[in-house]
Amino acid sequence: MSQSLPISIVDAIAVSVNDDASIATVNDSVRASIGKVICVGRNYAEHARELGNEIPKSPILFMKPASSVVSVHNEIVRPNPAIYGDTHYEAELCIQLAADLSAATLEQAQKAIGGVTLGLDLTLRELQSKLKDKGHPWERAKCFDGACVLADWIDPQAFGDFKNVEYQFYINNELKQNGASALMLFPVHELLVDISHAFSLQAGDVIMTGTPSGVGILQAGAALTLKLGTYEWQSQVR
Ligand code: ZN
């Protein structure tokens, strides 16, 4: 049913990463098929409340460039905290499209999903707060190199209608975020429809569907675990 992606990301990641050259190769492979990354802000009511934000009536959208994407198989490198402040994690269910979508119907959106995984929407929270206070865009806080961490793409058939997808994020084996698509204010297919009416989506584009409550600071040396059903990925913060 789903078309194959332009590049087999899973195959690209299957190589082991032991040196800087292969790290660059893995990141290049992950980025190669991605045109843009669309992020959804405040898609979980609890998370909106924890940051003191209103619950939105329509999805809040922002983007990350493909240059910010890195594979979860590498160490996670934060911008220097002494200069930029703390980097916060936001674990999110991510969708990659296998087909273009413009002003799509629910059925078209459903058919266009080519891959599913977990990702970390890394955020310079102090900088973002300052930018928000001034009414400025968030790019400086959300688009830095390494700000979009992606795990391996999984066939969407494993997730049925996306109404009951659960995922977890752990730091040093302690549960930090517990996500469930059932708690999304705007569910996956509806999100794709809404975004495709705002602007065209293309095969390869990635949608980060928003983070549940429990966001916090990424500390140096932290061991990270992302769990999506039977799939699990580990990473480490430099
Ligand atoms: Zn986010």
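## N27 and its surroundings

Setting aside residues within four places in sequence, N27 makes contact with V70, S71 and N74. This is a predicted model, and N27 is a good place to begin looking around it. The residue belongs to helix α2, which covers residues 20-32.

Is N27 buried or exposed? With a relative accessibility of 8%, N27 falls under the 20% limit and therefore counts as buried. One of its contact partners, S71, also takes part in a polar contact: the N27 side chain reaches the backbone nitrogen of S71 at 2.9 Å.

## The zinc site

Now to the metal. Which residues coordinate the zinc ion? The donors come from E90 (OE), E92 (OE) and D121 (OD), at 1.9 to 2.1 Å. Along the chain, these donors follow the spacing E-x1-E-x28-D.

Two of these residues can be checked for burial. E90 has a relative accessible area of 5%, so it is buried. E92 has a relative accessibility of 1% and counts as buried too.

## A four-stranded open sheet

Let us turn to the strands. An open sheet is built from four strands in the order β10-β9-β13-β14, with antiparallel pairing. At its edges lie β10 (174-180) and β14 (231-236), each of which pairs on one side only. On average, neighbouring strands in this sheet are turned by 15 degrees against each other, with direction ignored.

Strands of a sheet pair through backbone hydrogen bonds, in either a parallel or an antiparallel way. Here, β9 (residues 166-171) and β13 (residues 223-228) are paired in the antiparallel sense over five bridges. Within this pairing, F169 stands opposite L226 in β13.

## Q168 within the sheet

Strand β9 is also home to Q168. What does Q168 touch, once residues up to four places away in sequence are left out? The list is L118, L175, Q177, N178, T225, L226 and K227. Of these, L226 is the residue that F169 stands opposite.

With N178, the contact is also polar: the side chains of Q168 and N178 are joined at 3.2 Å. A180 is another residue to look at from here; Q168 and A180 are twelve residues apart in sequence, and their C-alpha atoms are 8.8 Å apart in space.

Why does Q168 count as buried? Its relative accessible area is 17%, and buried means under 20%, so Q168 meets the cut-off.

Conventions
Residues are numbered from 1 along each chain as its sequence is written. This is a predicted model: local features need pLDDT of at least 70, side-chain atom pairs count only at pLDDT 80 or more; totals for chains, interfaces and linings use all residues. Side-chain values use heavy atoms; hydrogens and water are left out. Two strands pair if DSSP finds at least two bridges between them. Helices (H or I, at least four residues) and strands (E, at least two) are DSSP runs, numbered from the N terminus. Axes are lines fitted to C-alpha atoms, for helices over the stretch in contact, and angles run from 0 to 180 degrees between N-to-C directions. Donors are N, O and S atoms within 2.8 Å of the metal (3.2 Å for Na, K and Ca); water is not among the atoms, so sites may look incomplete. Buried means under 20% relative accessible area, exposed over 50%, partly exposed in between (1.4 Å probe, protein chains only). A polar contact is a pair of N or O atoms within 3.5 Å; within protein, one must be able to donate a hydrogen and the other to accept it, and residues adjacent in sequence count only if both atoms are side-chain atoms. Contact means heavy atoms within 4.5 Å.
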